[in-house]
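Before reading on, please take a moment to look over the sequence and to turn the model in your viewer. The report below goes through a few parts of it, step by step.

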Amino acid sequence: MTHRSAEEPPRPHPVDALRDRETPPDPHDVDPAVLGALLHRHGWHRRGGAAGRYGRWTPPDPGSGRTSLLVPENRAFPDSDDLLGEALAALARSGSPSARDILLALAVPSDEISWWRDAPTGPAGTASWDVEDQLRTAARHLLLAAALATRARAGYYGARHRRPAAALLEHVLVGTAPGGHRLTAFVPVDTGRPLSVRLHQALCAAREAIDYQRATGGMDAFDAAVEAGVSHELTEALVALVRGSEGARIAVEWSPAAGVPDGCAAGGEPVEFSPGDLPVLRAAGARYLREEPSVAVRLTGTVVRMRRSGPRGDGSVRLRVLAGAEIPHVRMTLDEESYRTAGHAHLVGLPVRVHGRLESRGGFRRLTGASGVAPVQVDEAERDRLMKSLQENMDFFEEACGGD
């Protein structure tokens, strides 16, 4: 899988992957109860059938023709495999958008996260490009906030944990409903269930904290909500989702194949947010940003940039962090001796170790009080790789280190 930056949207709905399947899922691999639960979830209607043996299901879309499915209730029915095979083949041929979502959920057991955004509509119920883009962007930021909370609990993350959190979204699939006012993400259970659980718990905690503040005027509930996954990043994503709309809803529905996770409700009722919640969400986000403390760290990293105004004195150094904090890069100001040590370490292909405090201001991208700069020994293979990196970036080091 190719690498995507943290700002790219989730991957498109894997329609091509489903089309590549020459046949629908094998009936032997499909639990009839799971198929029935998915049909019900996606709005299909049960129109009778033999009680205790099978049900007849019809699609929710008026334009889907006369498609109907006979789905056995369990495998006790003698012809259950035949009925399942016919139902799956009919789903593969169906023109209903929900049919492909059901096939996907059967092929890749997933929790489904849905967003609805009540915004002005265009002709025939369509949404403008900006409205749909706002929905997709806000939804992704909510997923990223939840992914961050699976790594650690914090009121404000800044640059911390971004790479592993973004990697957790790599397997999330997304589909858009007609009209551009609804979005559904499919989070595979085997790789992403902690993400679904954390988002569900964070949304409920945020809703409760907002209600508490509006009832009492106090913000204390937002402090406790951090443990559930509420953060500056999550409140900002909710603001982006609700702003400019008449309200928004988010629902997390668990994979019927995997069941309900421990500590979570079985419902799937949407959590609702309204424009009236925006002042509280903004105040909570500012509070998280203001109160998150700096962190004492000991970092190991490779020097990627050096700069100072003259041949002597203090200088600015940028490190690519290898260990000590889950951030990609950090900047710091070093005294003359430490600056020279950092430059020489890189020239001979060695990373450096440094002590200091990661400042929350600026997103934990700056180390203050840097001290104890020293080169770190590495094996020959890693040293050769670092030397190759130096040769590819020699121009700026000649400029930065000239005169030393």
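What follows describes a barrel and one of its strands, and then some single residues elsewhere in the chain.

**The barrel and strand β11**

The model discussed here is a predicted one. In it, five strands form a closed barrel in the order β9-β10-β11-β13-β12, and their pairing is mixed. From one strand to the next, the twist averages 50 degrees.

Strand β11, which covers residues 329-334, helps to show what mixed pairing looks like, since β11 has a partner on either side in that order. With strand β10 (residues 315-323), β11 runs antiparallel, and six bridges join the two. With strand β13 (residues 366-375), on the other hand, β11 runs parallel, and here two bridges make the connection.

Individual residues can be followed across these pairings. On the side of β10, R320 has H329 as its bridge partner in β11, while L319 stands opposite V330. On the side of β13, R331 of β11 stands opposite R366.

The two faces of β11 can also be told apart, because V330, M332 and L334 make up a covered face, whereas H329, R331 and T333 belong to an uncovered one. The hairpin of β10 and β11 has five residues between its strands, and in this hairpin G324 takes a positive phi near 105 degrees.

**Two residues with positive phi that are not glycine**

Which residues other than glycine have a positive phi? H161 has such a value, about 65 degrees, and F364 has one near 60 degrees. H161 is placed in the loop between α5 (129-151) and α6 (162-168), and F364 is found in the loop between β12 (352-359) and β13. Each of them counts as buried, because its relative accessible area, 12% for H161 and 0% for F364, is under 20%.

**A threonine in strand β6**

Is T184 buried or exposed? T184, which lies in strand β6 (residues 182-188), has a relative accessible area of 8% and is therefore buried. Leaving aside residues up to four places away in sequence, T184 touches E112, I113, S114, L173, V174 and G175. With S114, the side chain of T184 also makes a polar contact, side chain to side chain, at 3.2 Å.

The relative accessible areas of the three buried residues are set out here.

| Residue | Relative accessible area |
|---|---|
| T184 | 8% |
| H161 | 12% |
| F364 | 0% |

Definitions and conventions. Residues numbered from 1 in each chain as written. Predicted model: local features only at pLDDT ≥ 70, side-chain atom pairs only at ≥ 80, totals over all residues. Heavy atoms only, no water. Buried < 20%, exposed > 50% of the residue type's maximum accessible area, 1.4 Å probe, protein only. Helix = DSSP H or I, 4+ residues; strand = E, 2+ residues; numbered from the N terminus. Pairing = 2+ DSSP bridges. Axes fitted to C-alpha atoms, helices over the stretch in contact; angles between N-to-C directions. Polar contact = N/O pair within 3.5 Å; in protein donor to acceptor, adjacent residues only side chain to side chain. Contact = heavy atoms within 4.5 Å.
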